[in-house]
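Let's take a walk through a protein model, stopping wherever the geometry gets interesting. Keep the structure open beside you as you read.

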Amino acid sequence: MRKAFRFEGDMLSSSIIKAALAWARHGGKIIALHGIDENGSCTCGKPACRSPGKHPISDLFPKGQHSATSSAVQIRRAFKKYPHANLGVILPPGLVVLDVDGSEGAKTFKKLNLPPTLSVRTGRGTHYYFRATEALPKKKAHLPGIDIKDNASGYLVGAPSMHKCGRRYRVRRRETDLAILPADFVRSMAPTDTRTARFDLDAAFKAGSRNNELTKIARSI
């Protein structure tokens with residue numbers, strides 16, 4: 001992963017196709033996702049769609065994330081055919097995103113005490129982007145309200161996609177650099193039990209350093 005990775009130029013564009021091409025140039029792989037129509041419904045046309053604006057357009061990406069591409073020709077073709085599509089991104093190696101959802105996720109994230117970094121406003125929360133100097137474990141400990149995305153964990157909905165709530169994903173300009181994800185946090189993400197690790201963040205962060213407490217959290221059941 002390039003140390004100089006920044007959100008700039010077309011990565012900040014309001015054009016889906018320009019943002020998609022910029023991600024591909026930076027090592028990401030792209031999927032065109034169904035978008036959201038003027039009525040707030042998924043363009044897949046299913047009234048009871050369970051993932052509006054977030055699932056792949058199957059005629060172009062029949063294998064979902066496994067059909068993701070970095071080909072500029074294929075990307076242009078996909079978004080010209082579906083100009084209202086949303087943008088799915090498989091992150092380049094070395095990038096990690098904490099997908100913070102709702103008030104529960106915001107509360108969890110605050111207690112992690114991670115360094116300031118670039119963020120993207122989503123429909124219900126925030127994506128926090130980090131650089132990682134070591135790979136995250138394939139199976140990760142549970143963080144309430146937070147989904148951790150990296151190169152090996154599927155795709156992320158990227159800006160400027162439209163959320164079902166009617167607002168677009170937007171890069172927040174106040175912090176444009178990507179912080180390095182602390183090594184102690186990365187190590188703490190490995191669960192020590194086959195069951196999903198769950199924990200009480202309020203109790204865990206009342207005493208001790210982040211390193212010690214994250215380790216306790218990830219090992220709790």
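## Lys 149 and its polar contact

A polar atom in the side chain of Lys 149 lies 3.1 Å from the backbone oxygen of Ser 153. Bear in mind that what you're looking at is a predicted model. Lys 149 is part of strand E6. Is this lysine buried or exposed? Its relative accessible area is 15%, and the cut-off for buried is under 20%, so Lys 149 counts as buried.

What does Lys 149 touch once you skip residues up to four places away in sequence? The list is Leu 91, Leu 95, Val 96, Val 97, Tyr 155 and Leu 156.

## Thr 117, a buried loop residue

Now hop over to the loop between H3 and E4, where you'll find Thr 117. With a relative accessibility of just 8%, Thr 117 is buried. Its side chain has a polar atom 2.9 Å from the backbone nitrogen of Ala 179.

Ala 179 also turns up among the contacts of Thr 117, if you leave out neighbours within four places in sequence. The others are Tyr 128, Tyr 129, Phe 130, Glu 175, Asp 177 and Leu 178.

## A pair of stacked rings

Searching the whole structure turns up two aromatic pairs. One of them is Phe 109 with Tyr 128: the ring centres are 3.9 Å apart and the planes meet at 10°, so this pair is stacked. Planes under 30 degrees apart are what it takes to be called stacked.

The two partners come from distant parts of the chain, with Phe 109 in helix H3 and Tyr 128 in strand E5, 19 residues apart. Are these rings buried or exposed? Phe 109 is buried, at 12% relative accessible area, and Tyr 128 is buried too, at 18%.

## Two backbone oddities

Here's some background for this stop: most peptide bonds are trans, and most residues other than glycine have a negative phi. Where does this model depart from the trans form? Look at the bond joining Ala 159 and Pro 160, which is cis, with omega at about 5°. Pro 160 sits in the loop between strand E7 (156-158) and strand E8 (170-171).

The other oddity is Asn 113, a non-glycine residue whose phi is positive, near 55°. You'll find Asn 113 in the loop between helix H3 (102-112) and strand E4 (119-121). Its relative accessible area is 57%, so Asn 113 is exposed.

## Arg 174, out in the open

Arg 174 belongs to the loop between E8 and strand E9 (179-180). Arg 174 has 70% relative accessibility, so it counts as exposed. Where does the chain bring it? The C-alpha atoms of Arg 174 and Ser 119 are 8.9 Å apart, although 55 residues separate the two along the chain.

## The pockets

The largest pocket has a volume of about 320 Å³. It has 15 lining residues, and the ones closest to its centre are Lys 54, Asp 99, His 127, Val 157 and Tyr 169. Which elements give two or more residues to this lining? They are strand E3 (95-101), strand E5 (125-131), strand E6 (146-149) and E7. Sorted by class, the lining has six charged, five polar and four nonpolar residues.

The second largest pocket comes in at about 210 Å³. Its lining is made of 19 residues, with Ile 16, Pro 83, His 84, Ala 85 and Arg 168 closest to the centre. Helix H1 (16-25) and helix H2 (72-81) each chip in at least two lining residues. By class, this lining splits into eight nonpolar, seven polar and four charged residues.

## A closed-off space

How many cavities of 30 Å³ or more does a search of the whole structure find? There is one. The largest cavity holds about 50 Å³ of space.

Its walls come from Phe 7, Met 11, Trp 23, Val 120, Tyr 129, Val 157, Gly 158 and Ala 159. By class, that lining has seven nonpolar residues, one polar and no charged ones. You've met some of these names before: Val 157 is also one of the residues closest to the centre of the largest pocket, Tyr 129 is one of the contacts of Thr 117, and Ala 159 is a partner in the cis peptide bond.

Conventions. Residues numbered from 1 in each chain as written. Predicted model: local features only at pLDDT ≥ 70, side-chain atom pairs only at ≥ 80, totals over all residues. Heavy atoms only, no water. Helix = DSSP H or I, 4+ residues; strand = E, 2+ residues; numbered from the N terminus. Buried < 20%, exposed > 50% of the residue type's maximum accessible area, 1.4 Å probe, protein only. 1 Å grid on protein atoms, 1.4 Å probe; cavity = no way out; pocket = protein on both sides within 12 Å on 5 of 7 lines; lining within 4 Å. Points joined across faces, edges and corners; volume = space filled by probe spheres on them. Nonpolar A, V, L, I, M, F, W, Y, C, P; charged D, E, K, R; others polar. Polar contact = N/O pair within 3.5 Å; in protein donor to acceptor, adjacent residues only side chain to side chain. Contact = heavy atoms within 4.5 Å. Phe/Tyr/Trp six-rings, centres within 6.5 Å; stacked < 30°, edge-to-face > 60°.
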